[in-house]
Amino acid sequence: MPTDGGGRNPRPRSGPPAHSSRPLPRFNRIAAYTGGGAALIAVAVGAFGLSRLPGDTASGPRSFDAITVESEPPTVLPLSDPEILELLDREPEYGPLTEPGRRIGCLTGLGYPAATPILGAREVTINGRSGVVLVLPDTSTDLLTVLAVAANCSSANTGLLATTAIRRP
């Protein structure tokens, strides 16, 4: 503040110095109205979003609509029940599953314990794919489980081609 030579203020001033920047009163009003309007719009949109009834929205994962599965025609074993039962009376023909480690991996991939006995086996062709029919004991004492697996059956990819159960003789 300017003073006269004696250290006194000749005229007291109020408010900010004349050289300072002051916001325009009109700009303050425009900013206040704009901010208030945005707040009202946000409240209205939020209230509308919350007021929808649960039945108005689709429920469940939408990704199920996008899943497609290529299905092959139902596969039937190329062996009749009597032909399958004949496998019990002869030495198993494992074909590509001759190696015990591959057989065990195939069985575990199918969900069977490694120690599951294979009662009969034979190479077959199903729908143009080479595979092996495996005859296993079923949990029921009067049934046999018959599985046809791909020739490259492993614990990671069993390539199950067909399955059935038949009565024991």
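Visitor: Before we look at the model, how do I recognise a salt bridge?

Guide: A salt bridge is a side-chain nitrogen of Lys or Arg within 4 Å of a carboxyl oxygen of Asp or Glu. Side chains of opposite charge can pair when their charged atoms come close. Keep in mind that this is a predicted model. By that rule, the count here is one salt bridge.

Visitor: Which residue pairs with Arg167 in the salt bridge?

Guide: Asp142 does, and the closest N and O atoms are 2.7 Å apart. Arg167 belongs to strand 4 (residues 160-167), while Asp142 sits in the loop between strand 2 (129-137) and strand 3 (143-150), so the pair ties together parts that are 25 residues apart in sequence.

Visitor: Is Arg167 buried or exposed?

Guide: Arg167 is exposed, at a relative accessible area of 56%. Its partner Asp142 has 35% relative accessibility and counts as partly exposed.

Visitor: Let's turn to cysteines. How many disulfides does the structure hold?

Guide: There is one disulfide. The bond joins Cys106 to Cys153, with an S to S distance of 1.9 Å. The pair links distant parts of the chain, since Cys106 is in helix 3 and Cys153 is in the loop between strand 3 and strand 4, 47 residues apart. The link of Cys106 and Cys153 is right-handed, with 90° about the S-S bond. Both Cys106 and Cys153 are buried.

Visitor: Which residues of helix 3 are buried?

Guide: An α-helix has 3.6 residues a turn, so residues three or four places apart point the same way. In helix 3 (residues 100-109), the buried residues are Arg103, Gly105, Cys106 and Leu107. Strand 2 and strand 3 are among the parts that cover the buried residues of helix 3. After helix 3 comes Gly111, with a positive phi near 95°.

Visitor: And the loop that carries Cys153: where does Thr158 lie?

Guide: Thr158 lies in the loop between strand 3 and strand 4. At 15% relative accessibility, Thr158 counts as buried, because buried means under 20%. Apart from neighbours within four places in sequence, Thr158 is in contact with Cys106, Gly109, Leu110, Val149, Ala150 and Cys153. Notice that both disulfide partners, Cys106 and Cys153, appear among those contacts.

Visitor: What about Ala156, is that residue buried or exposed?

Guide: Ala156 is exposed, with a relative accessible area of 78%. Ala156 is also found in the loop between strand 3 and strand 4. From C-alpha to C-alpha, Ala156 and Gly105 are 8.2 Å apart in space, though 51 residues apart in sequence.

Visitor: How should I read the nonpolar interior? Which residues have the most contacts inside the largest nonpolar core?

Guide: Think of a core as buried nonpolar residues joined through side-chain atoms. The largest one has 14 residues, and those with the most contacts inside it are Leu77, Leu79, Ile84, Ile126, Val133, Val146 and Ala148. Strand 1 (120-126), strand 2, strand 3 and strand 4 each give two or more residues to this core. A second, separate core has 12 residues, including Tyr94, Cys106, Ala121 and Cys153. The disulfide-linked cysteines, Cys106 and Cys153, therefore belong to that second core.

Visitor: One last feature. Which residues does the "transmembrane region" annotation cover?

Guide: The UniProt annotation, from an unreviewed entry, covers residues 30-50. In the model that span is 100% helix and 0% strand, and its end C-alpha atoms lie 30 Å apart.

Notes. Residues are numbered from 1 along each chain as its sequence is written. This is a predicted model: local features need pLDDT of at least 70, side-chain atom pairs count only at pLDDT 80 or more; totals for chains, interfaces and linings use all residues. Side-chain values use heavy atoms; hydrogens and water are left out. Helices (H or I, at least four residues) and strands (E, at least two) are DSSP runs, numbered from the N terminus. Buried means under 20% relative accessible area, exposed over 50%, partly exposed in between (1.4 Å probe, protein chains only). UniProt positions are given in the numbering used here, feature names are shortened, and annotations may be inferred rather than shown by experiment. Contact means heavy atoms within 4.5 Å. A disulfide is a pair of cysteine sulfur atoms within 2.5 Å. A nonpolar core is a set of buried Ala, Val, Leu, Ile, Met, Phe, Trp, Tyr and Cys residues joined through side-chain atoms within 4.5 Å.
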